[in-house]
Amino acid sequence: MVTLAVPPYLLSRAIDDGLATKNLGALTGWVVALFGIGVVNAGLGIARHRTMSKIRMEAAFRTVSATVEHCVRLGAGLSRRTTAGEVVAIGSGDVQVIAQSLTITGPGVGAAVAYIVVAVVLFSISPLLAAVVLAGVPLLVLTVGPLLHRIERTSAGYRERQGALTTRLVDVLNGLRVLNALGGKSVYAARYQRDSHDLVAQGYRVGVAASWVDALAKGLPAAFLAVVTWLGARMVAEGSISVGGLVAVYGYTAMLVVPVEFFIEGAGDLTRARVVAGRVIRLLSLPPDLPVDRDQVGAPEASSMLRDPASGVELRPGMSTAIVSNRPAESAAIIDRIGGFTKSDVTWAGIDLDVIATHQLRQRILVADNDAYLFTGSVRDVVRGRHEADDDRLHRALHIAVASDIVDALPDGLASTIDPRGGNLSGGQRQRLRLARAVYADPEVLLAVEPTSAVDAHTEATIAQRLLAARRGRTTAVTTTSPLLLAHTETVVYLVDGIAAATGTHHELLATEPGYRALVTRGEQEAR
């Protein structure tokens, strides 16, 4: 940036030493020097642009990397702490705003240094002009201050609504098949369109202040240049400075247009970046449910008791257990704790689950959640997950989950492609494929959350019989209120307000617990 101030000096010397005195040799020398500094400035300009492009890209990638790493660290707790739309908005737009603000670190700092250098040089030519420059540039920046405050205020509200609207869009897209089936697509589309129009109107309000900042970044430096040039011309007329000095003053002041633009634009970029960076920081500040340094001890060597003191639920090794509650969230929370997805006092063979190595937990304890993600790929890849493909084992897992008909109906069988999130499947088909994936993994401990909630009674009865028969001798827990599943489990834990109120077989609890009987009988009536 400082080298941009050299051409005006060389040009003034060419005029005073060459043109004014008609000295061809001096004129030629200064012209050659002027050409040389032009080449240098061109090279520095290219290098500056390449460097800043790299810095901005690095900032964007680092922000995305930090966000993704923290989202992975949050794990299963992510969806409970923030929305998908918020994460999408950070990755799609916020990172670019943050990256753009880092321009201030290169040309911004260079502009400040160049501004000081030019002010010193101008002082050697005319203290009055130096005083005008020193006072004028800060005045221009202060003029934009109120607009920057307005941008920050309006951008915060706009960013909040943008994240909420993105979340709604994600939810609508995920539930598009259901909305179509219920005839609600047009209702949600109209609502989204209305809110989108409101967001556009708010965006225009943000854009008004931003456009004024951009306009002033161009207009104010030009006006400032005109004032300084007028003062310099009067000083030439009075004989205070030479013609070459006037050219130098004009060149220095014109060169200052670039720093002033950087000051104003950089201030605008920083203001916008503060808003979105606050959103990113709030996400990065969410503490994980589990301690980061949990990898301390190994898991028990043999199949052992899993105990959740908070609820009193115990999973005996090699047995099937059903957890029943009139509040599904309570039983699901117990599964999350026993599965090691949230911080808890759960023990495994007397060892605190929180201090057992995560990779060992994931290898031996599998939580099969209804919302587990179905990645795109062939049926074979979806069901086998991270395990080696074995078609005989695949067909067995599909048979247990009563999902063989899904494969039979697809054009290419196991090679047929499943869309992201299972978009080309019904809710019941997705649930059965998730269950088949869990069965194929054959974990030591299987924890299934409502594994049959989206299937009909006949399919549910078949799944209950096949699943619990296949898992005989392996620790298995399911959360359900379905009597079809409960009748096949060896132990049932009945929860009241999240605490184990009774334990026994399904038939024992039907006979002794009125609350349990009313809950599962209602489920049976609803199934009919």
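## Salt bridges, ring contacts and buried positions

Asp442 and Arg474 form a salt bridge in which the closest N and O atoms are 3.6 Å apart. Asp442 is located in the loop between H15 and E9, and Arg474 in the loop between helix H16 (457-470) and strand E10 (475-479), so the pair ties together parts that are 32 residues apart in sequence. Asp442 is partly exposed, with a relative accessible area of 42%. Arg474, at 30% relative accessibility, is likewise classed as partly exposed. The model is predicted, and this account describes selected features of it.

**Salt bridges**

The structure holds 15 salt bridges. One of them joins the side chains of Asp497 and Arg327, with an N to O distance of 3.5 Å. Asp497 belongs to the loop between strand E11 (491-496) and strand E12 (499-504), whereas Arg327 belongs to the loop between strand E3 (320-324) and helix H10 (328-338); the pair therefore ties together parts that are 170 residues apart in sequence. Asp497 counts as exposed because its relative accessibility is 54%, a value over the 50% limit. Arg327 is partly exposed, with a relative accessible area of 44%.

A further salt bridge connects Arg364 with Glu444, whose closest N and O atoms are 2.8 Å apart. This pair links distant parts of the chain, 80 residues apart: Arg364 is in helix H11 (residues 358-364), and Glu444 is in the loop between H15 and strand E9 (445-449). Both Arg364 and Glu444 are buried.

The three pairs described above are set out below.

| Salt bridge | N to O distance | Separation in sequence |
|---|---|---|
| Asp442 and Arg474 | 3.6 Å | 32 residues |
| Asp497 and Arg327 | 3.5 Å | 170 residues |
| Arg364 and Glu444 | 2.8 Å | 80 residues |

Salt bridges also occur as a network, which links Arg307, Glu314 and Arg316.

**Aromatic rings**

A pair of aromatic rings is described by the distance of the centres and the angle of the planes. The count of aromatic pairs comes to three. Among them is the edge-to-face pair of Tyr9 and Trp30, with 6.4 Å between the centres and 90 degrees between the planes. Tyr9 is in helix H1 (residues 6-19) and Trp30 in helix H2 (residues 24-74), so that distant parts of the chain, 21 residues apart, are linked by the pair. Tyr9 is partly exposed at a relative accessible area of 36%. Trp30 is also partly exposed, at 21%, because this value lies above the 20% limit under which a residue counts as buried.

Tyr373 and Phe375 form a tilted pair, 4.6 Å centre to centre and with 45 degrees between the planes. Tyr373 is partly exposed, with a relative accessible area of 34%, while Phe375 counts as exposed at 58% relative accessibility.

Two arginine side chains are placed over aromatic rings. The charged end of Arg362 sits over the ring of Phe341, at 4.0 Å from its centre. Arg393 lies over the face of Tyr440, and its distance from the ring centre is 4.1 Å.

**Buried positions**

Gln431 is found in helix H15 (residues 427-441). Gln431 counts as buried because its relative accessibility is 4%, which is under 20%. When neighbours within four places in sequence are left aside, the residues in contact with Gln431 are Asn370, Glu450, Pro451, Thr452, Ser453, Ala454 and Val455.

Ala322 has its place in strand E3 and is buried, with a relative accessible area of 0%. Not counting residues up to four places away in sequence, Ala322 touches Val478, Leu486, Thr489, Thr491, Val492 and Val493. Trp348 is 26 residues from Ala322 along the chain, and 18 Å separates the C-alpha atoms of the two residues.

**A nonpolar surface patch**

Val2, Val109, Val113 and Val117 make a nonpolar surface patch of about 270 Å². Of these residues, Val109 lies in helix H5 (residues 107-125). Val109 is partly exposed, with a relative accessible area of 48%. Membership of such a patch requires over 30% relative accessible area, so the value of 48% for Val109 meets this condition.

How values were computed
Residues are numbered from 1 along each chain as its sequence is written. This is a predicted model: local features need pLDDT of at least 70, side-chain atom pairs count only at pLDDT 80 or more; totals for chains, interfaces and linings use all residues. Side-chain values use heavy atoms; hydrogens and water are left out. Patches are made of residues with over 30% relative accessible area and no salt bridge: like charges are joined within 9 Å, nonpolar side chains (Val, Leu, Ile, Met, Phe, Trp, Tyr) within 5 Å. Accessible areas come from the Shrake-Rupley method with a 1.4 Å probe; for residues, only the protein chains shown count as cover. A salt bridge is a side-chain nitrogen of Lys or Arg within 4 Å of a carboxyl oxygen of Asp or Glu. Helices (H or I, at least four residues) and strands (E, at least two) are DSSP runs, numbered from the N terminus. Buried means under 20% relative accessible area, exposed over 50%, partly exposed in between (1.4 Å probe, protein chains only). Rings of Phe, Tyr and Trp (its six-membered ring) pair if their centres lie within 6.5 Å; planes under 30 degrees apart count as stacked, over 60 as edge-to-face and the rest as tilted. A charge sits over a ring if NZ of Lys or CZ of Arg is within 6 Å of the ring centre and within 35 degrees of the ring normal. Contact means heavy atoms within 4.5 Å.
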